[in-house]
Structures are given as structure tokens and as C-alpha cells.
Amino acid sequence: MWTNGHLMCSKTSMGRSSQFLANVVPRQFEPQGVLQCLNYCNKHHKKLCHTAVEIPNLKLIDCYDRTIILAPHRTRYVALSYVWGTSKDISLPNVSREAGPTGSLSLPHDLSGAIEDAIQVTKQLGLRYIWIDKYCIDQTSTKDKHDQIRQMDMIYQGSEVTIVAAAGDDENTGLPGAGSTARKIQPYFSFGGITVISTMPHPHHVIKGSRWMTRGWTLQESILARRRLVFTDEQVYFECNAMNCFESISVPMDLVHTKTKDRFYSFMRSGLFNGRDEGLSSRIFGLPFGNFDDRTASWSYYMRKYLILATNFTSRNLSFDSDSLNAFAGIMRHLEGAKHPITQLLGIPYLQPFMRPNQYIHYDCVVAALCWRHIHCWNGGSHKTKRRNAFPTWTWAGWSGAVSWTDLFTGEQMDLVSLVDNFQCELDDGTSMTLDQYAAQSRCGQLSPLLALKFSAWLVPPSMISLHDCQDSQRTPCWRIDVFKLDLHMSEFEGSPGDFLEFLRIGKLSCIFVAKGWYNSYFLILEQQGSVSWGSLRRVGAGEALWHNDEDDGRPRRFADEIQFLAAKCAIRLI
């Protein structure tokens, strides 16, 4: 059923009220099924799907007057998640100011297929207003863009439903079945009172394969929304925080909900945008059905969530490098208001001061998050990463390419302990401050841009790092640090493994020991540039020394136990 769907048989005369049945999907979108889902959700899912947010300066499109207005108080609206046109086609939207006392803005006559169809679907759902970023954010105003990006979480969370245009490559493809864009033909046939129907590929599979799913901006748009209505080439898929369904299968709602009707039973397939990830055996976001903020979870749940979402986000594509944090800002802001608030240093997360389980955990969080690594090992210098020069090298936002973190937690406890001292944040104006001072002033919006991180850490002598023959067919270099296997991930290095060792020897590259876990140890690879004095370094890679059993007594042995062989700590300014 995952990729190709099922063939299901039913008697033409069979009743439908309490049966799981395949449906013949109509060629044109019919809103009745979606309206039933919305009504059921509004009636029964108040705990998981209800929200009441006041969004300042929110602009909406009036779908009947086709004007852009300031949102009426507590009005219900739809939001649209879609892919803008390709980079060469992206231009400022052409809106015109109407004459009259309100001075409202009018939509252009010619809209892209997805936007025009979304306006019509909004009306079919009995709603008047829709939020579309291209027209509801003043694309010529830096201030308006900044303000609206900062409240993107509230915009999508506050919408009655978010329409997702998951068909085609961009907004020029309409919503299949809603306008002139046709749906794919569903195979089915009838004989002797029996109808055989293909359920078609499961929407989860189709959505995961869409271009919409590869775009950076659409991650927060989908997971922060409380209800989603996804248009695929075959059918529509509805998912709220408590249930999910699609046109080709009829599901008896009361039968698959719990007794209180507040969510699906846990044996039902979880949603694509929250709950469980289909590709993993363990739960990520708590229960299979639930909202984004699990108020019963511990602080480690929120750190895990942040890192998992950042991994997902960095695997996606952005048209502009400057959006490296903008497109993640809604998620960051939402987690700042969670039960255990998570704040961040240009994408590097840590617990806010008043929520710490101990006085050092915020430093452990920052250093652990600094140990991000691009998802590939050393491969002879051919990398799919690129610098984003608007951000420092120490943050994942300063690079393109998918990153990940090692598993930092056992249950609710963090396994990693920071070994750095004298940690400070340096601003663009030259001011230095502690992490607590930065967090306090950041909440007040009083800071210059963050430039560098300053701390002291152990420098690993170059002689401790070596290269060994590898037996695998990939001919991947096998690194050792002392006697321990070193898993090395380089974000930027064009030389050979021999060049790497030489650069360590002459001091162009440095390996610093920043954290230890129960078993493994963690390192950053730093590069000195030109005439920059020693201590001002770029982050170009990360490494993890793996533990092994001692040959003599069989007990676990780790690099952190060899710390007495390292020289004194050195001062570092990471830019």
C-alpha cells in the first residue's frame, strides 16, 4: 500500500457507515469530505487542535473582493503552503492600490495556478480569507518581512486549515481537481455487483516524493499548522493533530477514535507532520497523535526535537542563502515559548537560564550542538557543501548541506559533558558577554549581530592523529586518534588525507577536544586563515573518537581517559 496502493473489492450495495471501504475519487475536488473532517475536528479535538492567538498586523486576502486587508479581529482564515517559482522567475508580486478611503491593495488579475485554486478552495470551504506570503507580506519592506517571519509560527498555527500545494514543481501547477489541473486517473472497474478499486499510492509516500517536501520553508509551514489539506496529483489528504484521512479510503471516524473522540487510537497510522516518523522505530514527538508542544515532556524532549527538526531542515533546499535561519525562525520562536524554553545562538540551541536542571547544562547544550557534522564521512575532498558567508562557520546555518548530531541522550539525561572553559559570545561591535547575559539581552532585542564564540579548549597534538589502511570497498580513509578510531566529517577541505596530516603538523589545521560522553569523545577541526592571529579560527569539520574494549582487561576505554597526555588548554576565537 505504501508505494502502489491496494486493490480493494466491495459490493455495490454495501453500507458505508461502519466500514473501511475504498472510494472512487471524483475527477474534481468535492469539499464535502473535507468539511466533515473539519467539523469533526472542531467538535472533538479541542485539546489538540484548538488555538487562540492574536497576530499583530496580520494581512489577509479577501477571496471575494480579491483585496489585501488588515485582518478583522479573531477572524477565521486559511493559509497556503506552496513552492514559489524558480529563482529566475521569482519577482515581486504586482499589486495595485485601490482608490478609496481604505487604500486597500488589489490582487493582480493573473495569478499562478496554485494561488488562484487556493482562493477558490477557500470559498468552497465556507471561508472568506486566506493568507499567502507573496501578497500578505510586503516584499519591498525589510521591516515587514522581518516582523512577519518572526511570527510565522502563529500565522500557520492560527489558520483554520493550511492548504498544501504538493503537486508539480512550483506554484504554476494548480491544485489537482480544484481548477484546470487534472488529477491522475484512478484504476477501478465493476462487474457483477462487485467494484474493484485501486487505493492509489499512499499520500505519505506521494508527499515525501514531492518537490514541495524538499523546500526549506515548507518544513515549519507543515509542522506548525494544526490542520493540513494536502493536494497531491491523485487526491487530497487531511491531517490534523489528532487524525488523518484521504479520499480513496473511507474511515468510520467514531470507530477509530478513542472513547473520548479526542484522537485516533495509537494503532492507526500516525500523521506525516507530527507524531511518529514512519522511517524510525522509536517515537520522536511523543504520542503518535498530539500537538507540537507536549506539555508533559522533559527538557531533553525539546532539545531532541530541535536537533531532529534542524537535521530535517538542513536536508532541504533554499533559493537564497540568507534564508538559512529565516526559514527556520518560526520553529525557533515556537520552541522559545515551550514548556522548557529553548533559545539559540544563530541556530545553536540551549536551555534558557530559568529552566536548567543544573548550572552547567546550558554550556553542555551549546557545546553538544556545536558538534554538528555534515552527513558524509571523508571522501577525498568531493563534498556537497557550500559556505553561506552571511553566518559564522561554527553554526550549521553557515553552510549548505544536511547535518546531523550523534545521539546525545540516554532517556532524559544528556550523555555529553562540555570540556571548554571561559565561554563567551562576541558581538559585531566587539562586546563580549556570557551566555546568560546574551540570553537576557537577546530577549529584549538589544543586541548587535553575534560574530564569534570565545572559549578555552584542549589542543590535540598532531602526532596523536594518524591514517591507517582501510579494508572497505569504498577506500574511505581510516583515521585514528591515539589508538581510537576517529569518525571524521569535513565540511570543507580540498586536499588529500596526506595534506590533512601535513596541515595539522604545520598548524594550518587544529583539532580541539571539546566534549566527552559516556563512551565517545568529541572534537572540532578548525582552520587558521591568512594573517589572522592564532586563536581566531574557522570551523571546517568535526570528529568523534569511538570507545573500544581494552585488550588486557576488556573494560571500555575512551579517549577522555587519555586527557593527561594533552597540553594545557588554549584560548580560541571561533568565527
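These legends describe close-up views of one predicted model. Local features are given for pLDDT of at least 70, side-chain atom pairs count only at pLDDT 80 or more, and totals for chains, interfaces and linings use all residues. Residues are numbered from 1 along each chain as its sequence is written, and side-chain values use heavy atoms, with hydrogens and water left out.

**View 1. Phe313 and Phe328 form a tilted ring pair.**
A pair of aromatic rings is described by the distance of the centres and the angle of the planes. Rings of Phe, Tyr and Trp (its six-membered ring) pair if their centres lie within 6.5 Å; planes under 30 degrees apart count as stacked, over 60 as edge-to-face and the rest as tilted. By this rule the count comes to 20 aromatic pairs. In this one, the centres of Phe313 and Phe328 are 5.1 Å apart and the planes stand at 40 degrees, so the pair is tilted. The two rings link distant parts of the chain, 15 residues apart. Phe313 belongs to helix H10 (residues 299–314). Phe328 sits in the loop between helix H11 (323–326) and helix H12 (329–336). Helices (H or I, at least four residues) and strands (E, at least two) are DSSP runs, numbered from the N terminus. Phe313 is buried at 4% relative accessibility. Phe328 is buried too, at 0%. Buried means under 20% relative accessible area, exposed over 50%, and partly exposed in between (1.4 Å probe, protein chains only). Ring pairs also join Phe313 and Phe328 with Tyr306 and Trp396 in a cluster.

**View 2. Tyr363 meets Phe423 edge-to-face.**
The ring centres of Tyr363 and Phe423 are 5.9 Å apart, with 65 degrees between the planes. This pair also links distant parts of the chain. Tyr363 lies in helix H13 (residues 361–370), and Phe423 in strand E25 (residues 421–427), 60 residues apart. Tyr363 is partly exposed, at 22% relative accessibility. Phe423 is buried, at 6%.

**View 3. Charged side chains sit over the rings of Tyr64 and Trp372.**
A charge counts as over a ring if NZ of Lys or CZ of Arg is within 6 Å of the ring centre and within 35 degrees of the ring normal. Lys123 lies over the face of Tyr64, 5.1 Å from the ring centre. At Trp372, the charged end of Arg539 is 3.6 Å from the centre of the ring.

**View 4. His374 makes contacts with Ser400 and Ser491.**
His374 is in strand E18 (residues 373–374). Is His374 buried or exposed? His374 is buried, with a relative accessible area of 1%. Its side chain reaches the backbone oxygen of Ser400 at 3.2 Å. A polar contact of 2.7 Å joins the side chains of His374 and Ser491. A polar contact is a pair of N or O atoms within 3.5 Å; within protein, one must be able to donate a hydrogen and the other to accept it, and residues adjacent in sequence count only if both atoms are side-chain atoms.

**View 5. Arg227 and Glu160 form a salt bridge.**
A salt bridge is a side-chain nitrogen of Lys or Arg within 4 Å of a carboxyl oxygen of Asp or Glu. The whole structure holds 24 salt bridges. In Arg227 and Glu160, the closest N and O atoms are 3.8 Å apart. Arg227 is in strand E12 (residues 227–231). Glu160 is in the loop between helix H6 (152–158) and strand E9 (161–165). The two residues are 67 residues apart along the chain. Arg227 is buried at 1% relative accessibility, and Glu160 is buried at 7%. A network of salt bridges links Arg227 and Glu160 with Arg76 and Arg226.

**View 6. Glu247 and Arg183 form a buried salt bridge.**
The closest N and O atoms of Glu247 and Arg183 are 2.7 Å apart. Each residue sits in a loop. That of Glu247 runs between strand E14 (244–246) and strand E15 (249–250). That of Arg183 runs between E9 and strand E10 (188–191). The partners are 64 residues apart.

**View 7. Glu426 and Lys454 join two strands by a salt bridge.**
The N to O distance between Glu426 and Lys454 is 3.9 Å. Glu426 is in strand E25, and Lys454 is in strand E27 (residues 450–459). Glu426 is buried at 10% relative accessibility, whereas Lys454 is partly exposed at 25%.
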